[in-house]
2 protein chains.
Amino acid sequence: MQTELSKKLGVEHAVFGFTPFPAVAAAISRAGGFGVLGAVRYTAPDDLKRDLDWIEAHVDGRPYGLDVVMPAKKVEAPKDRTLTEADVEAMIPEGHRQFVKDTLAKYGVPELAEGEASGWRITGWMEQVARTQLDVAFDYPIKLLANALGSPPADVVERAHDQNVLVAALAGSARHAVKHKERGIDIVVAQGYEAGGHTGDIASMVLTPEVVEAVDPLPVLAAGGIGSGQQVAAALSLGAQGVWLGSIWLTTTEADLHSPALTRKLLAAGSGDTVRSRALTGKPARQLRTEWTDAWDDTNGPGTLPMPLQGLLVAEAVSRIQKYEVEPLLGTPVGQIVGRMNSERSVQAVFDDLTRGFERAVDRINRIAGRSGE
Amino acid sequence: MQTELSKKLGVEHAVFGFTPFPAVAAAISRAGGFGVLGAVRYTAPDDLKRDLDWIEAHVDGRPYGLDVVMPAKKVEAPKDRTLTEADVEAMIPEGHRQFVKDTLAKYGVPELAEGEASGWRITGWMEQVARTQLDVAFDYPIKLLANALGSPPADVVERAHDQNVLVAALAGSARHAVKHKERGIDIVVAQGYEAGGHTGDIASMVLTPEVVEAVDPLPVLAAGGIGSGQQVAAALSLGAQGVWLGSIWLTTTEADLHSPALTRKLLAAGSGDTVRSRALTGKPARQLRTEWTDAWDDTNGPGTLPMPLQGLLVAEAVSRIQKYEVEPLLGTPVGQIVGRMNSERSVQAVFDDLTRGFERAVDRINRIAGRSGE
């Protein structure tokens, strides 16, 4: 499964795997794909350093990358000093805080222990945190830097290019993709409606070729709805130079969700059990549909706040729900492909399935096309 | 582009084209595909007879089919007599009628002339009307009978099979597809989220392979988001035995929308300019987003009524908007592929583009797969 882009990056298969877990990222690269570590959860530079060291030690010299989050729209900083989390906290209405408290109380969600930090912090979404992540990451031989929300700032693109690091950015529309191209981005990840996490409302079948045409000759990775070799073949038929998979790794044996209940929910969920909701971050993000997302999407409730306020508002609540595995509320970003995530498998097993399924799909399409010898 | 199903039906390309226009249906079959005439707008049997005669005279002996609408959920009929349109009319709340009047008045939409019939009637959605359509259609050598909402009744399936007519039914989920299989349906049309008309919320990339697996060995047609040869290749990679295209024909030269303004709107629209709204029929149907759909989807409005009441409620209004081409309100069911419908072309030109694009996509996927001699 070789495209110009996979050759340029020196990987065997044009399969890019996004994951928050270092063990999964390393396993994807070892299997012949390109592992991309999601950095958003690293608020302490030393934690990121520790995990990049681990990847270096376990990736067998294969290439890998890093994904950061630098939202295009920022909360405006006070003129005289750097924006703090407290500044952002002060923008959250009391009624919304009460709604969080009431909802957690309704389900009997226990408090965190005294002094116990919330596991998921909004700070990773703030540009200065992403910049400290980059300061760490550029000391490692990363080959790709991806940004989830908008184009990264010009100086970051320049710094990446100076170090021979390709820059990728996610786009949910051709218009956004063209902006990325104008800003010197090297690779566009066309993220369809069916994807986990932040998405627009245009499905991959329509979005992928539209983005390919709009940013030609830049390479495009197709994201959203891909978890089998058939889907890889479909995405590449649409003109993509590779696929970008996120959800499928969540139920691999190398993933560490810290929650057997959440893994069970993912394995049991069907393709219709996700929802695009603003509950997690304030922007529409596909995730498991739960009583928590229902509460935020209920027109009788207070509704969600804009990014980054919503994420800050619910950070501690989400940590509590996850820690105590409060099942009706327990969720995670995941795409519609969750319907096909029905058993725990190793990353290598997922890869074998992808590559074999791809070959079978190519056999079949050749038969349909009447190509002899196939 | 040959699959078992296309061979069985005796067509050159596994491309099924749904259209309300006889000239388009005949042109699709003449071009080597399989034309399917949508019958919902025919309330008078003689009109349907006239148009099927026309197709017979213009299809050069090629096979074609008919699409009817028999909703699975029906309005309950009075015990002592047949349900009339007046019975259904009586179920519509006065507030909703007033909202229609007010919205039309706000945009200055003129009245129809005295005695002028509404062009689009709800009656086509009622089972007894669909049955009169079938009584007409079974006198013609149709090869396929498709039903848009749910499985057709058992006696209809039996009658079709007695006449060697294959029965197809649309499904937006694997669960619905399995029900079709249990009821003896021959072909499932997996209609993805991105499709025009009634859709569920699962996108084609995920839905198609899920339905293929769920109803194996029944053949599946992929619908939703398909308008280019790349997309045909993608859909066939996903395991479909053919593709089902509806939107793409709306801007062909053979189509007769009776509205230059609507054609202009379709040609100008981008993939993000559609919405899944209950405004038209009471069930979520993808269509051009307009100020009319916005009014119905507005939480400050009365909201929509369930099928078939909504369709009955808005039928005359839609006719008036169409007749007088009131641009802000003017819309039509259409899928996200509308973003690629940018010029008026003949059906044959669309077909040439589909088949050439398919061959190019197969060439490309073979290069990526490293297949020699390709």
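The two copies in this predicted model meet through the same surface, because 98% of the interface residues of chain B are also interface residues in chain A. Chain B is superposed on chain A by a rotation of 180° with 0.0 Å of shift along its axis, and the RMSD of that superposition is 0.0 Å. That is the relation of a two-fold axis. Among the residues of chain B, the one that comes closest to the rotation axis is B:A234, whose C-alpha lies at 1.9 Å from it.

**Aromatic rings and charges**

A search of the whole structure finds 11 aromatic pairs over all chains. In one of them, the rings of A:F18 and A:W244 have their centres 6.2 Å apart and their planes at 20°, so this pair is stacked. The pair links distant parts of the chain, since A:F18 belongs to strand β1 (residues 15–19) of chain A and A:W244 to strand β9 (residues 242–245) of chain A, with their positions 226 residues apart in the sequence. The two partners can also be described by their accessibility: A:F18 is partly exposed, with a relative accessible area of 26%, whereas A:W244 is buried, with a relative accessible area of 6%.

Another pair is formed by A:W292 and A:W296, which meet edge-to-face at 5.9 Å centre to centre with 75° between the planes. Because A:W292 and A:W296 stand four residues apart in helix α12 (residues 291–297) of chain A, they are separated by about one helical turn. Both A:W292 and A:W296 are buried, and ring pairs join these two residues with A:F99 into a cluster.

Rings also take part in contacts of another kind, in which the charged end of an arginine is placed over an aromatic face. The charged end of A:R286 sits over the ring of A:Y193, 4.4 Å from its centre, and in chain B, B:R41 lies over the face of B:Y42, at 4.9 Å from the ring centre.

**Buried and exposed positions**

Helix α6 (residues 127–137) of chain A contributes a set of buried residues, namely A:E127, A:V129, A:A130, A:Q133, A:L134, A:V136 and A:A137. The elements that cover the buried residues of this helix include α3 (45–58), β3 (64–68), β4 (144–147) and α7 (154–162) of chain A.

The loop between α5 (94–106) and α6 of chain A holds A:E114, a residue that is exposed, with a relative accessible area of 85%. A:E114 and A:P333 are 219 residues apart in sequence, and their C-alpha atoms are 28 Å apart in space.

In chain B, B:T263 is found in helix α11 (residues 260–268) and is buried, with a relative accessible area of 13%. Not counting residues up to four places away in sequence, B:T263 touches B:L257 and B:E344.

The accessibility values of individual residues are set out below.

| Residue | Relative accessible area | State |
|---|---|---|
| A:F18 | 26% | partly exposed |
| A:W244 | 6% | buried |
| B:T263 | 13% | buried |
| A:E114 | 85% | exposed |

**Enclosed space**

Rolling a probe the size of a water molecule over the atoms shows where empty space is left. A search of the whole structure finds two cavities of 30 Å³ or more, and the largest cavity has a volume of about 40 Å³. The residues that line the largest cavity are A:I248, A:T251, A:T252, A:M341, A:S343, A:R345 and A:V350.

How values were computed
Residues numbered from 1 in each chain as written. Chains lettered and ligands numbered in written order. Predicted model: local features only at pLDDT ≥ 70, side-chain atom pairs only at ≥ 80, totals over all residues. Heavy atoms only, no water. Least-squares fit on C-alpha atoms with pLDDT ≥ 70 in both. Contact = heavy atoms within 4.5 Å. Phe/Tyr/Trp six-rings, centres within 6.5 Å; stacked < 30°, edge-to-face > 60°. Helix = DSSP H or I, 4+ residues; strand = E, 2+ residues; numbered from the N terminus. Buried < 20%, exposed > 50% of the residue type's maximum accessible area, 1.4 Å probe, protein only. Lys NZ or Arg CZ within 6 Å of the ring centre and 35° of its normal. 1 Å grid on protein atoms, 1.4 Å probe; cavity = no way out; pocket = protein on both sides within 12 Å on 5 of 7 lines; lining within 4 Å. Points joined across faces, edges and corners; volume = space filled by probe spheres on them.
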